[in-house]
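Reader: Hi! I have a protein chain open on my screen and I'm new to this. Could you walk me through it?

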Amino acid sequence: MLAAWSRRGGLSTLLLPLSWLYGRLSARRLRAQARGAWKASVPVVIIGNILVGGTGKTPVTIAICQALKARGWRPGIVSRGYGVAIGPQARLSDGGGDASRLGDEPALIHAATGAPLAVHPRRALAAAALLASHPEVDVLIADDGLQHTALARDLEIIVQDGRGIGNGRLLPAGPLREPPARLAQADWLLTHLAHGETSPTLPPGCAPDAPRTIVMRLQPESATHLASGRTLPWADWRAEQGAASCSAAAGIGRPERFFAMLRATGVVLSQTLRIPDHQAIPADALRALPPGPVLITPKDAVKCVRPHDPRLWVVRATPVFSKPGWLDDLDRALRAAASGRTAPPPPGHPPVPGNRRNQPA
């Protein structure tokens, strides 16, 4: 199906009637959610994508949270908790930050930022629970919340990758959850590119030189030996371990991005192991890798079970933005949104009128 989504071939065209039906039903659902949207007492930043699969939202969420904390904000995070049975009530990081409780991506975000976090498929429910337990929180960051319009938003950040919009068609004829025109409605459009990858063609309204169209690339910052906790700056790890034969394993949306990042720094990978997104590295697959260090992502590390394989090194990467000043613009926009804020009713009550983000056409 991934190959069919990259072009407008026969299979994609055959599925077009289902795409039209999906588009109608999806638009109706988003409008219905938005009419009953709950508006938090603090500004809300939504991070999401319109393309199915991983585009790099997690590193963006971490970078934004850290940047806001550095600018004096006290952020809280809400997420779905994919792969975990949450139950009727939101689950907070106060009870433990393990991936088994929160999901792998929320656990990683909480560990990387230290920000309080709540997970629930109903993002408004998670947001209300988080604010009730952490009244000090003054901004909410909703990870993977673009299509969850029941939570009112002040700012939207859409993350795409080198695939762009694929063949430009909605599911199932294409890879899109929303039409390509949705990209132009975002406050910022971030394109996450692997090393050596070029920017995809942007749809109308998303000029590549526009101030709010930004390219992001990840570069290794450090490596942590999972069994001992010893951390080395990336240059020091390369000097100490980089000459050895290495392998790499990744259970993320696009493992090849991780492998390309490593190779771009000069690491020679004798073998790579691709694991389905959100799944733990199978022990037998790990044992089958050749001797030498095995490099993994932080998202994989939170799912590793003790005792840890002594070959595992966790590579932590930091995003590099083509326009670093955009985080200052985000800070200013949030301060403007915070002025004149009032306490909201509980989720499920009528929305506060006038929020442009909750009035989709």
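Reader: Let's start with the outside. How much surface does the chain expose?

Author: Happy to help! This is a predicted model, and in it the chain exposes about 15800 Å². Carbon and sulfur atoms supply 57% of that area.

Reader: And what percentage of the residues count as buried?

Author: Of the 361 residues, 52% count as buried.

Reader: What about the overall dimensions, along the principal axes?

Author: The C-alpha trace spans about 60 × 55 × 40 Å along those axes. A compact globule with 361 residues would have a radius of gyration near 21 Å, and the chain has 21 Å, so the two agree.

Reader: Cool. How many helices and strands are there?

Author: There are 12 helices and 13 strands. As for contacts with a separation of 6 or more, residues 24 or more positions apart account for 73% of them.

Reader: Let's zoom in on a strand. How many residues of E2 are buried?

Author: In strand E2, residues 75-79, 5 of the 5 residues are buried, so the strand is largely enclosed by the rest of the structure.

Reader: Which residues point which way there?

Author: Pro75, Ile77 and Ser79 point one way from E2, while Gly76 and Val78 point the other way. All of them are buried.

Reader: Why do they split up like that?

Author: Because in a regular strand the side chains alternate between the two faces of the sheet.

Reader: Nice. Which strands does E2 pair with?

Author: One partner is E5, residues 139-143, which runs parallel to E2 and is joined to it by 4 bridges. Pro75 stands opposite Val139 in that strand. E2 also pairs with E4, residues 117-119, in the parallel sense over 3 bridges. There, Ser79 has Val119 as its bridge partner.

Reader: Ser79 again! Is that residue buried or exposed?

Author: Ser79 has 4% relative accessibility, so it counts as buried, the cut-off being under 20%.

Reader: What does Ser79 touch, apart from its neighbours in sequence?

Author: Leaving aside neighbours within four places in sequence, Ser79 is in contact with Pro106, Ala118, Val119, His120, Arg123 and Asp143.

Reader: And how far is Ser79 from Arg29?

Author: They are 50 residues apart in sequence and 20 Å apart in space, going from C-alpha to C-alpha.

Reader: Okay, new topic: E7. How many of the residues in E7 are buried?

Author: E7 covers residues 188-192, and 5 of its 5 residues are buried. Trp188, Leu190 and His192 lie on one side and Leu189 and Thr191 on the other, with both faces covered.

Reader: What does E7 pair with?

Author: E6, residues 155-161, runs parallel to E7 and is joined to it by 5 bridges. In that pairing, Val159 has Leu190 as its bridge partner. E7 is also joined by 4 bridges to E8, residues 213-225, again in parallel. Thr191 stands opposite Val215 in E8.

Reader: Let's do a helix too. Which residues of H9 are buried?

Author: In helix H9, residues 255-264, the buried ones are Pro255, Arg257, Phe258, Phe259, Met261 and Leu262. Just after H9 comes Gly266, which takes a positive phi of about 100 degrees.

Reader: Last one: how many positive and negative charges are there?

Author: The chain has 42 positive and 26 negative charges, and their mean positions are 7 Å apart.

Notes. Residues are numbered from 1 along each chain as its sequence is written. This is a predicted model: local features need pLDDT of at least 70, side-chain atom pairs count only at pLDDT 80 or more; totals for chains, interfaces and linings use all residues. Side-chain values use heavy atoms; hydrogens and water are left out. Helices (H or I, at least four residues) and strands (E, at least two) are DSSP runs, numbered from the N terminus. The radius of gyration is taken over C-alpha atoms; the globule rule is 2.2 Å times the number of residues to the power 0.38. Buried means under 20% relative accessible area, exposed over 50%, partly exposed in between (1.4 Å probe, protein chains only). Contact means heavy atoms within 4.5 Å. Accessible areas come from the Shrake-Rupley method with a 1.4 Å probe; for residues, only the protein chains shown count as cover. Lys and Arg count as positive and Asp and Glu as negative; His and the chain ends are not counted. The place of a charge is taken as NZ of Lys, CZ of Arg, CG of Asp or CD of Glu. Two strands pair if DSSP finds at least two bridges between them.
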